[in-house]
Amino acid sequence: MKGYYQADVECMDFSQTDEVLGHVNDWCNRITKGMIPQILNRGELSASDVTLLLNSVFFKAKWLQCFDEQYTMEGDFTTSDGKNVKMPMMFQTAPFEYVEDETLQAVRLPYGDDKYVMTLILPKDGTSPDALLNTLTAERWEQMSASMQSHNTILQMPRFNASYE
């Protein structure tokens with residue numbers, strides 16, 4: 001585990017649930033730099049448990065081309081069920097890798113270290129998000145990614161926060 005995954009393996013007495021709980025939560029808090037201070041609650045660990053596997057992914061980065069807050073303004077956004085809502089919309093013009101076909105538009109937003117990207121996919125009018133998702137096979141993803149080319153792009157998107165537990 002250490003050699004392949006840089007992982008730690010520890011033996012603990014699960015009958016000491018409070019001690020194990022504290023140790024696990026301290027590990028999670030330390031590894032995620034305080035973003036996830038607690039991963040287990042009292043009662044989620046039992047003395048009869050024999051294995052606990054934990055993994056952590058910590059990702060916090062700025063985009064290579066950051067959105068200027070002064071250009072964020074209220075705009076129309078169409079939700080997946082077709083409703084139009086007013087939302088704070090971010091704007092910028094910059095060179096981005098972009099591709100378009102009969103059912104979608106996609107743009108790749110690189111993060112500051114240029115190792116990671118966020119790919120945004122927008123269904124074209126007449127294509128539902130569910131229909132588009134049903135066509136996104138690994139092969140189509142590869143084809144779409146390979147077809148992206150740098151274009152000076154006017155990008156408008158809703159301001160958002162993303163989190164996952």
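**Figure 1. The buried and exposed sides of helix 4 in the predicted model.** Helix 4 spans residues 138–147, and Arg-140, Met-144 and Ser-145 are its buried residues in this view. Viewed down the helix axis, these buried positions fall within an arc of 130°, so they line one face of helix 4. The other side of the helix carries the exposed residues Ala-138, Glu-139, Glu-142, Gln-143 and Ala-146. The cover over the buried residues of helix 4 includes three strands, namely strand 2, strand 3 and strand 4 (117–123), together with helix 3 (129–135).

**Figure 2. Helix 2 and the distribution of its buried residues.** Helix 2 comprises 15 residues. From the first C-alpha to the last, helix 2 reaches 21 Å, which is close to the 21 Å expected at 1.5 Å a residue. Buried positions in helix 2 are Val-20, Leu-21, Val-24, Asn-25, Trp-27 and Cys-28. Because these residues cover an arc of only 155° around the axis, they lie on the same side of helix 2. Glu-19, Asp-26 and Arg-30 are exposed on the face turned away from that buried side. Just after helix 2, Lys-33 adopts a positive phi of about 55°.

**Figure 3. The surroundings of Thr-32.** Thr-32 is located in the loop that connects helix 2 (17–31) with strand 1. Its relative accessibility is 1%, so Thr-32 counts as buried, the cut-off being under 20%. The Thr-32 side chain reaches the backbone oxygen of Cys-28 at a distance of 2.8 Å. When residues up to four places away in sequence are not counted, Thr-32 touches Ser-56 and Phe-58.

**Figure 4. Two cysteine positions, Cys-11 and Cys-28.** Cys-28 has a relative accessibility of 2% and is therefore classed as buried. The backbone oxygen of Cys-28 is the atom reached by the side chain of Thr-32. Cys-11, by contrast, is exposed, with a relative accessible area of 81%. The structure holds zero disulfides.

**Figure 5. The hairpin of strand 1 and strand 2.** Strand 1 (residues 73–78) and strand 2 (residues 84–100) run antiparallel and are joined by six bridges. Within this pairing, Phe-77 has Val-85 of strand 2 as its bridge partner. Five residues separate the two strands of the hairpin. In the turn, Gly-82 has a positive phi of about 90°.

**Figure 6. The pairing of strand 2 with strand 5.** Ten bridges connect strand 2 to strand 5 (residues 149–158), and the two strands pair in the antiparallel sense. Met-90 stands opposite Met-157 of strand 5.

**Figure 7. The hairpin of strand 2 and strand 3.** Strand 3 (residues 104–110) runs antiparallel to strand 2, with four bridges joining the two. Tyr-98 is placed opposite Val-107 in strand 3. The hairpin formed by strand 2 and strand 3 has three residues between its strands. Strand 2 and strand 3 are also among the elements that cover the buried residues of helix 4.

Terms used:
Residues numbered from 1 in each chain as written. Predicted model: local features only at pLDDT ≥ 70, side-chain atom pairs only at ≥ 80, totals over all residues. Heavy atoms only, no water. Pairing = 2+ DSSP bridges. Buried < 20%, exposed > 50% of the residue type's maximum accessible area, 1.4 Å probe, protein only. Polar contact = N/O pair within 3.5 Å; in protein donor to acceptor, adjacent residues only side chain to side chain. Contact = heavy atoms within 4.5 Å. Disulfide = S-S within 2.5 Å. Expected span 1.5 Å × (residues − 1). Arc of directions from axis to C-beta.
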